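Please read the following walk through a single protein model with the structure open beside the text. The paragraphs move from the interior outwards, and each is meant to be followed on the coordinates themselves.

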Amino acid sequence: MLNHPFPPLYDENSKVLILGSFPSVKSREQNFFYGHPQNRFWKVVSAVMDTDTPVTIEEKSNFLYENHIALWDVIASCDITGSSDSSIKNVVANDLTEILKNADIRQIFVNGKTAEKYCKKYICNTIDREAFCLPSTSPANAGWSVEKLVEAWVVIKEYLD
């Protein structure tokens, strides 16, 4: 059983909450979100916000705070083989109560179908809110180019103004 190794990133000004499933091996090693260089998350959200892609953890954190984007994952702990979402078993979900109580979250998005599946199963009913599913930025979602992802992800801007 692996436990999520780092806390959510948000502050009182966060307006959009993006939930992944569970951190990849690379993310767990870096102790930060979307740490695998092949994951397109940072390219996509920076393109949506029309800014340079942040590189360091400090730049990534600052980018999220400046753009009022909160990040967290659906799963608090699980059994997982490597970074394979399809291997996830024995899920314990994260509690979103603190984030929702302390930030003005206008919309919750999930990054991909695995996050959506576990969010619907364990979280949405407990918080009485729906999560909107965006196409995964994972390299495993090879059918989606960065350009197509940006077109889909631009919806987050509606909730940031």
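What follows describes a predicted model, beginning with the nonpolar core and going on to a helix, a sheet, the salt bridges and two backbone angles.

The largest nonpolar core comprises 49 residues, and within this core Leu17, Leu19, Phe33, Trp42 and Trp153 are the residues that touch the most other members. The largest share of the core, five residues, is contributed by helix H2, which spans residues 41-48. As a general background to such an arrangement, nonpolar side chains in soluble globular proteins tend to be buried together.

Trp153 offers a convenient way into the surroundings of this core. Leaving out residues up to four places away in sequence, Trp153 touches Ile18, Phe41, Val44, Val45, Val48, Asn111, Leu134, Pro135 and Thr137. Trp153 also belongs to helix H7 (residues 146-153), where it is buried along with Leu149 and Val150. These three lie on the same side of H7, because they cover an arc of only 100 degrees around the helix axis. The face of H7 that is turned away from this buried side carries Glu147 and Glu151, both of which are exposed. As for what the buried residues of H7 pack against, the partners are H2 together with three strands, namely E2 (16-20), E6 (107-111) and E7 (131-134).

A sheet can be traced next. Three strands form an open sheet in the order E1-E4-E5, with antiparallel pairing. Its edge strands are E1 (2-3) and E5 (89-93), each of which pairs on one side only. E1 and E4 run antiparallel and are joined by two bridges, and Leu2 has Cys78 as its bridge partner in E4.

Ile75 lies in the same strand E4, which covers residues 75-79. Is Ile75 buried or exposed? Ile75 counts as buried, because its relative accessibility is 0%, where the cut-off for burial is under 20%. Apart from its neighbours within four places in sequence, Ile75 is in contact with His4, Ser21, Phe22, Ile88, Val91, Val92, Ala93, Asn94 and Tyr118. One of these contacts, Ile88, is 13 residues from Ile75 along the chain, and the C-alpha atoms of the two are separated by 9.7 Å.

The charged side chains form another theme. Side chains of opposite charge can pair when their charged atoms come close, and in this model the count comes to five salt bridges. Lys26 forms one with Glu29, with 3.8 Å between the closest N and O atoms. Both residues lie in helix H1 (residues 25-30), three residues apart, which is about one turn of the helix. Lys26 is partly exposed, with a relative accessible area of 37%, whereas Glu29, at 56%, counts as exposed.

A salt bridge is also found in helix H4, where the side chains of Lys101 and Glu98 meet at 3.2 Å, N to O. Why are Lys101 and Glu98 separated by about one helical turn? They are so separated because they stand three residues apart in H4, which runs over residues 97-102. The general geometry is that an α-helix has 3.6 residues a turn, so residues three or four places apart point the same way. Lys101 is exposed, with a relative accessible area of 58%, while Glu98 is partly exposed at 43%.

In helix H5 (residues 113-122), Lys113 and Glu116 are likewise three residues apart, about one turn of the helix, and they form a salt bridge whose closest N and O atoms are 3.5 Å apart. Lys113 counts as exposed, at 61% relative accessibility, whereas Glu116 is buried, with a relative accessible area of 16%. Salt bridges that share partners join Lys113, Glu116 and Lys120 into one network.

Two backbone angles deserve a look at the end. Most residues other than glycine have a negative phi. His68, although not a glycine, has a positive phi of about 60 degrees. His68 sits in the loop between helix H3 (57-66) and strand E3 (69-73), and counts as partly exposed, with 25% relative accessibility. Asn90, which is not a glycine either, has a positive phi of about 55 degrees, and Asn90 is found in strand E5, one of the edge strands of the sheet described above.

Note on methods. Residues numbered from 1 in each chain as written. Predicted model: local features only at pLDDT ≥ 70, side-chain atom pairs only at ≥ 80, totals over all residues. Heavy atoms only, no water. Salt bridge = Lys/Arg side-chain N within 4 Å of Asp/Glu carboxyl O. Helix = DSSP H or I, 4+ residues; strand = E, 2+ residues; numbered from the N terminus. Buried < 20%, exposed > 50% of the residue type's maximum accessible area, 1.4 Å probe, protein only. Contact = heavy atoms within 4.5 Å. Core = buried A, V, L, I, M, F, W, Y, C linked by side-chain atoms within 4.5 Å. Arc of directions from axis to C-beta. Pairing = 2+ DSSP bridges.
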